[in-house]
Amino acid sequence: MNVTSDAIVKKTMGVEFAIGALAAAGAGFFTNPVDVVKVRLQLQGELEARGTYKKIYKNTLHAGYLIAKHEGILALQAGLIPALGFQVVLNGIRLGAYKSAQRYELIVNEQGNTDILRTILVSGTAGCVGAALGSPLYLVKTQIQAQSAKSIAVGYQHEYAGSWDAYKSLWKEGGIAALYRGWHAGLPRLFVGSSTQLTTFGLALDWLHSLNIFPDRPILLTFLASAIGGSCVAIAMQPFDVLATRLYNQQTDAVGKGALYGGIGDALIKIFRTEGLTGLYKGTFPTWLRIAPHTVLCLVFYEKLDQLYDRIRQL
């Protein structure tokens, strides 16, 4: 593939980021309600042994019902603005890097298929960069989504009036350090999640192409491959997702030290000791219910926006 054209370079460096950001924001709008439910389930019974606490939320559907009943239907879109902001930062970088690496043939082998190791490294590293830069957005998103009516509250309640109030409170509390508190919690989550998602997506797409089915329907192939990638990432990322939710939402003291966990390793040990392995897989179904459609929507939106951009450029 010839990638020396100025148009291709321009698209690789700038437009890829914009397309990835728009695609992810579109997907995030539709999947945010499930993210709210997931956060509540992950915080339920925090550091309590199984069977020793009252389960307010029985399952995914019950959690959604209770949230809508006690807080109103709009509560299912809690934290939407920082959530979409995080998607713009994360997936603008992540998908932009992945698609650029594809165009420059940096993550494909001599046969033009997905190179597993290089795809893992590129997508995982890009995910970490996006997670670190977007950490303040993810922090506020998580804390706002955890905030609930007292009768159905789980986890620590930060009691912000909204996203802007959260940012102002964090800034007054400790400036940049407070906004980036726990930034490291998202790194393993996004390295595992991003590398699993995009590597399995690439492998699935290669496999579907090899079957020579729907050769003239690239959007359908993207849909099928992304459904496979999204399902794989839900299982692989779940323990790290629980760790990130707990670390970002925990109460902190005057110097920003966590009241429950000292870091990722400490959180992992404490959760495993008190809640068992199942504690690290709390909210797995809503994670899948969110990430699988999000992956599909994100990559399909990307494909459509990419096609639209190419058509406009040819006018």
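The legends below describe close-up views of a predicted model.

**View 1. The largest nonpolar core and the helices that supply it.** This core has 39 residues, and the members that touch the most other members are V37, Y57, I67, V140, L170, Y248 and I271. Two or more residues each are given to this core by α1 (6-43), α2 (60-71), α3 (80-103), α5 (135-146), α6 (163-179), α8 (218-249) and α9 (264-275). A second core, separate from the largest one, is made up of 19 residues, among them A24, L95, A204 and L208.

**View 2. The surroundings of V36 in helix α1.** V36 belongs to helix α1, and V36 counts as buried because its relative accessibility is 0%, where the cut-off for buried is under 20%. Leaving aside residues up to four places away in sequence, V36 is in contact with I67, A75, L76, A78 and Q145. V36 and A153, which are separated by 117 residues in sequence, have their C-alpha atoms 13 Å apart in space.

**View 3. The contacts of Y248.** Y248, listed among the residues of the largest core that touch the most other members, has contacts with S135, Y138, L139, T142, Q143, R181, G182, W183, A185 and G186 when residues up to four places away in sequence are not counted.

**View 4. The aromatic cluster and the charge over Y138.** F86, Y138 and Y248 together form one aromatic cluster, and the count of aromatic pairs comes to four. The ring of Y138 also has the charged end of K141 sitting over it, at 4.6 Å from the ring centre.

Definitions and conventions: Residues numbered from 1 in each chain as written. Predicted model: local features only at pLDDT ≥ 70, side-chain atom pairs only at ≥ 80, totals over all residues. Heavy atoms only, no water. Core = buried A, V, L, I, M, F, W, Y, C linked by side-chain atoms within 4.5 Å. Buried < 20%, exposed > 50% of the residue type's maximum accessible area, 1.4 Å probe, protein only. Helix = DSSP H or I, 4+ residues; strand = E, 2+ residues; numbered from the N terminus. Contact = heavy atoms within 4.5 Å. Phe/Tyr/Trp six-rings, centres within 6.5 Å; stacked < 30°, edge-to-face > 60°. Lys NZ or Arg CZ within 6 Å of the ring centre and 35° of its normal.
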